[in-house]
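Student: I have a new model open and would like to go through it with you. Could we take it step by step?
Tutor: Happily; here it is.

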Amino acid sequence: MKRIVLMLLIFFSCSRNETPDSHELHRPYFHFTPPSGWMNDPNGLVYHNGVYHLFYQHYPDSTVWGPMHWGHAISKNLVNWEHLPIALYPDSLGYIFSGSAVVDEKNTSGLQKGSIPPLVALFTYDKQGFETQGLAFSNDDGLTWQKYDKNPVINNPGEKDFRDPKVFRHAETESWIMSLAVKDHIEFYRSKNLLQWEKTGEFGRTYGSHGGVWECPDLFPLTDVKTGITKWILLVSINPGGPNGGSATQYFIGKFDGQTFTCDDDSTVVRWLDYGPDNYAGVTWNNAPGNRRIFIGWMSNWNYGQLVPSRTWRSAMTVPRELGLTRTASGFSVYAQPVPELHALRRAEHQVQTGKAISFNGRAELDLSFDLSVEGEPQVEFQNSKNEVLRIGFDRTSNRFYIDRSKSGTTNFSDKFSGISYASRLADLQQVKMHLIVDVASVELFADDGLTCMTAIFFPTENFNRFIVPVKNSSMVTGTWFELEKDN
Ligand code: FRU
């Protein structure tokens with residue numbers, strides 16, 4: 001009997017992980033995923049005492065969305081993540097929706113108990129669609145959390161969609177500023193103590209894209225290193241209404257005067273932080289060292305996020321990206337680059353040879369540069385032995401980058417998944433640069449030094465194990481690629 005039980009135990013533990021030493025199908029290696037269950041938006045991003053905290057929308061009991069918790073993980077290098085116990089559980093005021101966290105250095109909230117400053121989280125309570133803003137705090141550097149006993153700290157003024165507070169410290173006015181998404185616009189609130197909030201302004205009812213509800217705002221300054229000019233950037237996720245269907249994140253460039261945001265562009269201008277279908281609800285870390293603006297997004301789309309064919313968990317985050325501001329021929333623009341910490345994943349470096357299948361293990365970083373004065377189509381294809389293929393390239397006639405996942409493996413879980421995504425090119429140089437990060441089930445394209453980004457997930461039935469740059473005239477392409485591997 002004992003023997004049978006033991007055999008059954010071994011069988012079940014092996015079948016859960018495929019084979020003992022293999023990796024679950026579709027589970028990325030270096031992108032953050034929850035240990036099991038459902039995940040959506042990143043929340044509470046804050047750097048404190050050498051540690052990056054990543055909280056996230058989480059339903060541990062199922063692989064579809066449900067009563068929202070805040071899952072929690074930490075990292076010292078943005079590459080290796082350690083899972084911590086769930087930080088916030090739903091309670092009688094509702095599910096715990098998205099929000100942010102700050103370090104209350106001066107104990108403005110009065111919530112400090114011992115000798116170290118409290119971490120304070122502001123989040124949305126959602127009770128069957130009725131939304132208020134709640135507060136929780138930690139007096140042990142973010143390890144354990146307690147809800148404020150006078151929650152909510154902001155009541156609902158009669159709005160259905162009233163959520164996702166992103167708070168930061170505004171040094172000039174010595175106050176806390178909150179950006180809040182309210183249906184079709186962003187509202188700004190101010191506080192001296194994180195507990196009492198007054199509304200100071202709003203932005204956006206007639207600006208940008210309004211194909212869907214506005215969610216998950218983030219407001220921060222970025223400085224163009226070349227000119228020294230600083231602009232305020234307002235990120236706004238919208239769902240649906242993205243450039244390739246479903247969820248996506250737009251941004252605005254302008255000014256913030258301590259009370260409200262004003263946009264430099266005409267109201268009709270729409271800018272996308274990422275044109276791909278799978279980068280949503282992303283926000284940036286508060287207090288990142290060296291004034292860096294580090295972003296992470298949910299690498300999925302509400303169109304099909306709950307249907308994707310991963311088994312024990314659902315969805316990953318994008319790689320952490322550093323945002324910057326640069327001036328192009330058509331004015332300022334935000335660009336994104338994978339954080340340099342990810343170089344730690346690089347193993348062997350190789351030259352890319354064109355027209356020849358190159359073997360790899362499903363994880364790679366490619367840095368390709370295509371010369372448009374030479375004839376041919378800038379393109380790279382990822383393939384496996386099942387004839388599944390993922391194509392990424394630049395269409396010179398329409399001046400657009402594309403990701404074609406129509407034959408990339410399992411696509412039939414949603415009729416909104418398959419197909420080709422496009423992104424207009426913003427740069428106008430003769431060299432088209434395509435920097436790609438591939439990790440089993442996702443590709444992130446940073447084109448033209450991150451001026452145009454595209455992120456897409458895919459589900460080959462067997463990992464892609466070779467790629468090819470099918471360009472006839474090899475003088476068109478220069479490039480290197482790295483094998484990527486994570487130390488455990
Ligand atoms: C965005 C979002 C947020 C909300 C959360 C709920 O993906 O809809 O607006 O707070 O997800 O899980």
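Tutor: Let's start with a definition: a residue is buried when its relative accessible area is under 20%, and exposed when that value is over 50%. Keep in mind that this is a predicted model.

Student: Is Asn43 buried or exposed?
Tutor: Asn43 is found in strand β1. The cut-off for buried is under 20% relative accessible area. Asn43 has 0% relative accessibility, so Asn43 counts as buried.

Student: Which side chains make polar contacts with the side chain of Asn43?
Tutor: Asn43 touches several residues beyond four places away in sequence, including Leu54, Tyr56 and Gly99. For a polar contact, the N or O atoms must be within 3.5 Å. One such contact, at 3.2 Å, goes to the side chain of Trp70. Another, at 2.9 Å, goes to the side chain of Ser98.

Student: Which strands each supply at least two residues of the shell around the ligand?
Tutor: The residues surrounding the ligand include Asn40, Asp41, Phe97, Ser98, Arg163 and Asp164. Strand β1 covers 37-48, β5 covers 95-103 and β9 covers 162-170. Matching those ranges to the shell gives β1, β5 and β9.

Student: How many residues of the shell around the ligand are charged?
Tutor: Among the surrounding residues are Asp41, Arg163, Asp164 and Glu215, and Asp, Glu and Arg belong to the charged class. Besides its 5 nonpolar and 3 polar residues, the shell has a charged group numbering 4.

Student: What percentage of the ligand's accessible area does the protein cover?
Tutor: Look at the polar side-chain atoms beside the ligand's oxygen atoms: one from Gln57 lies at 2.6 Å, and one from Asp41 at 2.7 Å. An N or O atom in the side chain of Trp302 is 2.8 Å from a ligand oxygen. Of the 320 Å² that the ligand has on its own, the protein covers 95%.

Student: Why does the protein chain count as being as compact as a globular protein of its length?
Tutor: The chain has 1 helix and 33 strands. For 488 residues the globule rule gives 23 Å, and the chain counts as that compact because its radius of gyration is close to this, at 23 Å.

Student: What share of the chain's residues is buried?
Tutor: The C-alpha trace spans about 75 × 65 × 40 Å along its principal axes, and the chain exposes about 19,800 Å². Out of its 488 residues, the buried share is 58%.

Definitions and conventions:
Residues numbered from 1 in each chain as written. Predicted model: local features only at pLDDT ≥ 70, side-chain atom pairs only at ≥ 80, totals over all residues. Heavy atoms only, no water. Near = heavy atom within 4 Å. Polar contact = N/O pair within 3.5 Å; in protein donor to acceptor, adjacent residues only side chain to side chain. Areas by Shrake-Rupley, 256 points an atom, 1.4 Å probe, with all protein chains shown as cover. Helix = DSSP H or I, 4+ residues; strand = E, 2+ residues; numbered from the N terminus. Rg over C-alpha atoms; globule rule 2.2 N^0.38 Å. Buried < 20%, exposed > 50% of the residue type's maximum accessible area, 1.4 Å probe, protein only. Contact = heavy atoms within 4.5 Å.
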